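Please read this briefing alongside the sequence and the coordinates. The points are grouped by topic, so that each can be checked in turn against the display.

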Amino acid sequence: SGDFEKGHVIGSRNVVMSQFDPENKELAKVRELPVAVVCRNGTASAGAAGRLVKAGFKNVYWLDGGVAAWQSAELPLARGRA
């Protein structure tokens, strides 16, 4: 999305909420690993984190305040699609 291209946490992947599926085969592979979800302001990622926990993910985190808070803390962001 446009927000992702403007700035995202280094190493993160973009997942459109309308296509977010905690039961996805790719996500199932990381069910036991720590997963951090991030959005622009922290609202959508909190909902996504709840869905991951319901799907059986053990170590789920979300960035409170989202990318906006990350940027305010002067932490590094990547730009572009990847």
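What follows covers strand pairing, the nonpolar core, the largest pocket and two individual residues.

The structure is a predicted model, and the remarks below should be taken as describing that prediction. Its strands β1 and β2 run parallel and are joined by four bridges, while the largest nonpolar core has nine residues and the largest pocket holds about 1,100 Å³ of space.

**Strands and crossover**

- Strand β1 spans residues 34-37 and strand β2 spans residues 59-62, and the two run parallel with four bridges between them.
- Within this pairing, V37 has W62 of β2 as its bridge partner.
- Between the two strands the chain passes through helix α3, residues 43-54, in a β-α-β crossover that is right-handed.

**Nonpolar core**

- The nine members of the largest nonpolar core are F20, V35, V37, A48, A49, L52, A55, F57 and V60.
- At least two residues of this core come from β1, and at least two come from α3, with α3 giving the most, namely three residues.
- As general background, nonpolar side chains in soluble globular proteins tend to be buried together.
- V60, one of the core residues, is found in strand β2 and counts as buried because its relative accessibility is 17%, with the cut-off for burial set at under 20%.
- The C-alpha atoms of V60 and A49 are 6.2 Å apart in space, although the two residues are eleven residues apart in sequence.

**Largest pocket**

- The space in the largest pocket amounts to about 1,100 Å³, and of the 36 residues that line this pocket, R13, N14, V15, V37 and V38 are the closest to its centre.
- Two or more lining residues come from each of the elements α1 (2-6), α2 (25-28), β1, α3 and α4 (66-72).
- Sorted by class, the lining of the largest pocket comprises 21 nonpolar, ten polar and five charged residues.
- V37 belongs to the largest nonpolar core and is also among the residues closest to the centre of the largest pocket.

**G66 in helix α4**

- G66 is found in helix α4, and this residue counts as buried because its relative accessibility is 0%, where burial requires a value under 20%.
- Measuring from C-alpha to C-alpha in the model, G66 and R13 are 14 Å apart in space and 53 residues apart in sequence.

Terms used: Residues numbered from 1 in each chain as written. Predicted model: local features only at pLDDT ≥ 70, side-chain atom pairs only at ≥ 80, totals over all residues. Heavy atoms only, no water. Pairing = 2+ DSSP bridges. Right-handed = clockwise from strand over helix to strand, strands pointing away. 1 Å grid on protein atoms, 1.4 Å probe; cavity = no way out; pocket = protein on both sides within 12 Å on 5 of 7 lines; lining within 4 Å. Points joined across faces, edges and corners; volume = space filled by probe spheres on them. Nonpolar A, V, L, I, M, F, W, Y, C, P; charged D, E, K, R; others polar. Core = buried A, V, L, I, M, F, W, Y, C linked by side-chain atoms within 4.5 Å. Buried < 20%, exposed > 50% of the residue type's maximum accessible area, 1.4 Å probe, protein only.
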